[in-house]
Amino acid sequence: MAQEVTAAQASLTVDNAKTEIDRLLGVALTERRPVYLLLPGDVAQAPLTPPLSPLSLPAADSSPEALAGFIAAARELLQPARHVTLVADFLAERFGVRQALAQWMNEVPLPHATLLMGKSVLDETRAGFIGIYSGAASDPQVRQRVEEADATILVGVRLTDTITAGFSQRLSTGEVH
């Protein structure tokens with residue numbers, strides 16, 4: 001069951017506890033997703049030598065080629081679009097891009113909305129804020145602005161049944177990147 005809802009799992013033993021604890025912490029911190037750690041009572045009572053150095057996290061995968069590819073794909077999608085809307089949600093906060101998103105919204109004013117869990121991610125007093133998008137449960141004007149946009153930019157969004165009123169969102173999967 002844990003494998004279906006977590007990014008990594010481990011069942012600790014006296015022999016693997018030291019490496020598995022660090023591995024799971026690394027996964028949880030880099031992927032910002034839950035992990036599952038089974039800690040048997042006998043392992044919890046066993047002594048463990050503390051690590052000699054701080055936990056080291058892997059560097060984020062990024063390359064100039066990947067960035068150039070993203071920019072080209074975004075340009076291809078956005079250049080012909082007359083009506084672009086941005087929708088942000090809680091993962092923007094979790095991945096630490098809230099400030100960068102706010103700065104970008106200052107520089108590139110777009111109509112923008114949040115999903116319910118990301119209600120505080122965008123400044124609701126900023127010009128262009130259209131409301132909270134929740135699929136069919138949205139205010140009709142918000143729903144229209146989001147669903148009828150030529151392109152919708154999703155930042156930190158995970159579309160779930162509770163956030164979208166039973167997956168009632170009408171966003172073209174061909175335009176979601």
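1. Let's start with Phe167. At 49% relative accessibility, Phe167 counts as partly exposed, because the label "exposed" is kept for values over 50%. Its phi is near 60°, a positive value in a residue other than glycine. You'll find Phe167 in the segment after β6. Keep in mind as you look around that this is a predicted model.

2. Arg32 is worth a look next. Here too phi is positive, about 55°, although Arg32 is not a glycine. Arg32 sits in the loop between α2 and β2. Is Arg32 buried or exposed? Neither, as it turns out: with a relative accessible area of 32%, Arg32 is partly exposed, because that label covers whatever falls between 20% and 50%.

3. Now step back from Arg32 into the helix ahead of it, since α2 is followed by Arg32. Helix α2 covers residues 17-31, and its 15 residues should span 21 Å at 1.5 Å a residue. The C-alpha atoms at its ends are 21 Å apart in the model, so the expected span and the model agree.

4. Which residues of α2 are buried? They are Ala17, Glu20, Leu24, Gly26 and Val27. As background, an α-helix has 3.6 residues a turn, so residues three or four places apart point the same way. What covers the buried residues of α2 includes the strands β1 (9-11) and β2 (36-38), along with helix α3 (41-45).

5. On to the interior. The largest nonpolar core is made of 13 residues, and Leu86, Leu101 and Leu122 have the most contacts inside it. Three elements, β3 (84-88), α6 (98-107) and β6 (151-155), each supply at least two residues of this core.

6. If you'd like one residue to click on there, try Leu122. Leaving aside residues up to four places away in sequence, Leu122 touches Leu86, Ala88, Leu101, Met105, His112, Ala113 and Thr114. There is also a second, separate core of ten residues, with Ile130, Tyr133, Leu154 and Leu171 among them.

7. Last, a pocket. The second largest pocket has a volume of about 200 Å³. It is lined by 13 residues, of which Arg33, Phe90, Leu91, Arg94 and Arg158 are the closest to its centre. Which helix gives the largest share of this lining? That is α5 (residues 90-94), with three residues. By character, the lining of the second largest pocket divides into seven nonpolar residues, five charged and one polar.

Technical notes. Residues numbered from 1 in each chain as written. Predicted model: local features only at pLDDT ≥ 70, side-chain atom pairs only at ≥ 80, totals over all residues. Heavy atoms only, no water. Core = buried A, V, L, I, M, F, W, Y, C linked by side-chain atoms within 4.5 Å. Buried < 20%, exposed > 50% of the residue type's maximum accessible area, 1.4 Å probe, protein only. Helix = DSSP H or I, 4+ residues; strand = E, 2+ residues; numbered from the N terminus. Contact = heavy atoms within 4.5 Å. Expected span 1.5 Å × (residues − 1). 1 Å grid on protein atoms, 1.4 Å probe; cavity = no way out; pocket = protein on both sides within 12 Å on 5 of 7 lines; lining within 4 Å. Points joined across faces, edges and corners; volume = space filled by probe spheres on them. Nonpolar A, V, L, I, M, F, W, Y, C, P; charged D, E, K, R; others polar.
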